Amino acid sequence: MLCVYVCFTFLDTSSKYLVLAGVSALIVAWTRFTVHVLLVGVFLRGWREPSRFRANNLPAHILRGCLLFGSTMFNILALRTLQLAETTSIYFFGPMVITALAGPLLGEWAGWRRWLAILTGFVGVLIITRPGVGVFGIGHLFALGSMLSNSFYVIMTRRMSASETSESLILFSALAPAVLLVPMLPFSHALPQDGWHWFILLMLGVFGAGGHWLLVQAYRLATTTALAPYPYSQMVWMIISGWLIFHQLPDRWTLLGAAIIVASGLYIIHREHRLRLRNSASLDTEAESLAKKL
C-alpha cells in the first residue's frame, strides 16, 4: 500500500509538471488512460481468457469510467494552480463523503458519531479553502469536483463488485474514458515539445496501472480494515514531491486543515471497525444460541 501511493504521487506530480509545461490537460488524461488499457491487456493476458473481461452491465461500466475521467480531469486542472498537498488534502475528504452517501445509495447508514466526524472533516476543508477571505479559487473548485467524482466512482465500484469481475472493473474504468476522449483530441493541439516530456507523458499510464495493480495485490494479502489508514501516507509523499520538484511547501492553514481531515477519516475507519467487530460478535452469539436450541 505504501508503494501504491508512491505511484499515485508520481502520477499527480507528473501531471502537474506536464500541464505547467503547456501540455493539454486532455492529452495528459487520454494518454494516462490509453497506456493503462494497453498495460492491463498485456499483463492480464486478455487474449487467453476474454471472458474475464466480459461486462454484464455495460452502461454502468461507461458511467463509472466517466466518473473516473471526471475525477482525473478535475484533478489535473486543479494542479495547475494548487499545490500537490492542497489537492491531496481535499481529496482525503472523499471517504467522509462516501460514508455520508452510502446511506441513501447503498443502505449503509452512518451513526451520529460518524456524522460528527464528517462535519469535523468538512471544517478541515473550509480551513484549507478559506472561502470569503480571498483564498478560494477555481483550483479549489476543481479539486472539490475531483473528490466528488471519485466518491461516486467508489460507490459504483462497491455496487458493481457483486456482479462484475475484477478484471472488467480494472479494464473498463480506463477503456471508457479513453474511447470517449478520442473525438476531443483534434481540438487539443498542445503536445509535448521534446523527448523528455513525451517520456513523462507515457509514464503516466505506467504509474496509474502500476498503482492499481499493486492495490489489487495489497487487498489479496490483507483485509480492507488493515489497509484503510494507508492512503493518508500519500500526504507525506506529496509534500516531499512538491518541495523537490516545484519548490513549494504547504502553509500552516493547509497543514492544519489536512490534520483535521486525516484525524476525522481515521476516526471513521476506527468506528466502522468497532461496529464490524460488534456485529460479528452478535452474529456468533445468535448462532451459538440457535445451535443450543437445536
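**Exercise 1. The largest cavity**

Find the helices that each supply at least two residues of the lining of the largest cavity.

*Solution.*
1. Take the helices: α4 (84-91) and α11 (234-246) each supply at least two lining residues. Helices here are DSSP runs of H or I with at least four residues, and strands are E runs of at least two, numbered from the N terminus.
2. Know the source: this is a predicted model, in which local features need pLDDT of at least 70 and side-chain atom pairs pLDDT 80 or more, while totals for chains, interfaces and linings use all residues. Residues are numbered from 1 along each chain as its sequence is written, and side-chain values use heavy atoms, without hydrogens and water.
3. Fix the terms: on a 1 Å grid over the protein atoms alone, a cavity is a set of points where a 1.4 Å probe fits but cannot get out; a pocket is an open set with protein on both sides within 12 Å along at least five of seven lines; lining residues have an atom within 4 Å of a point.
4. List the lining of the largest cavity: Gln-83, Leu-84, Ala-85, Met-238, Ile-239, Gly-242, Gln-248, Leu-249 and Pro-250.
5. Name the main contributor: α11 gives the most to this lining, with three residues.

**Exercise 2. Helix α4 and Ser-89**

Decide why α4 counts as largely enclosed by the rest of the structure.

*Solution.*
1. Set the cut-offs: buried is under 20% relative accessible area, exposed is over 50%, and partly exposed lies in between (1.4 Å probe, protein chains only).
2. Count the buried residues: seven of the eight residues of α4 are buried, so the helix is largely enclosed.
3. Name them: Leu-84, Ala-85, Glu-86, Thr-87, Thr-88, Ser-89 and Ile-90. Leu-84 and Ala-85 also appear in the lining of the largest cavity.
4. Pick out Ser-89, which lies in α4. Ser-89 counts as buried because its relative accessibility is 0%.
5. Look across the chain: the C-alpha atoms of Ser-89 and Gly-257 are 7.6 Å apart. Along the chain, these two residues are separated by 168 residues.

**Exercise 3. The span of two helices**

Compare the reach of α2 and of α3 with the expected 1.5 Å a residue.

*Solution.*
1. Apply the rule: the expected span of a helix is 1.5 Å times one less than its number of residues.
2. Take α2 (residues 25-43), with 19 residues: it reaches 27 Å from its first C-alpha to its last, close to the 27 Å expected.
3. Take α3 (residues 58-79), with 22 residues: its reach is 31 Å, close to the 32 Å expected.
4. Add burial: 16 of the 22 residues of α3 are buried, so this helix too is largely enclosed by the rest of the structure.
5. Widen the view around α2: residues 18-44 are 81% helix and 0% strand, with end C-alpha atoms 29 Å apart.

**Exercise 4. The second largest pocket**

Which of the lining residues of the second largest pocket lie nearest its centre?

*Solution.*
1. Start with the count: 17 residues line this pocket.
2. Name those nearest the centre: Phe-43, Leu-44, Ile-170, Ala-209 and Trp-213.
3. Place the lining on the elements: α2, α8 (166-181) and α9 (195-221) give two or more residues to it.
4. Find the main contributor: α9 gives the most, with eight residues.

**Exercise 5. Two more helix residues**

Are Ser-168 and Tyr-153 buried or exposed?

*Solution.*
1. Locate Ser-168 in helix α8. Ser-168 is at 0% relative accessibility, so it counts as buried.
2. Locate Tyr-153 in helix α7 (residues 138-160). Tyr-153 has a relative accessible area of 10%, so it is buried.
3. Check the stretch around Tyr-153: residues 138-156 are 100% helix and 0% strand, and their end C-alpha atoms lie 27 Å apart.
4. Relate Tyr-153 to Ala-25: their C-alpha atoms are separated by 21 Å, and the two residues are 128 apart along the chain.

**Exercise 6. Positive phi**

What is the phi of His-247, and where does His-247 lie?

*Solution.*
1. Recall the background: most residues other than glycine have a negative phi.
2. Read off the angle: His-247 has a positive phi, near 55°.
3. Place the residue: His-247 lies in the loop between α11 and α12 (252-293).
4. Judge its accessibility: at 68%, His-247 counts as exposed.
5. Add another case: Arg-45, which follows α2, has a positive phi near 50°.
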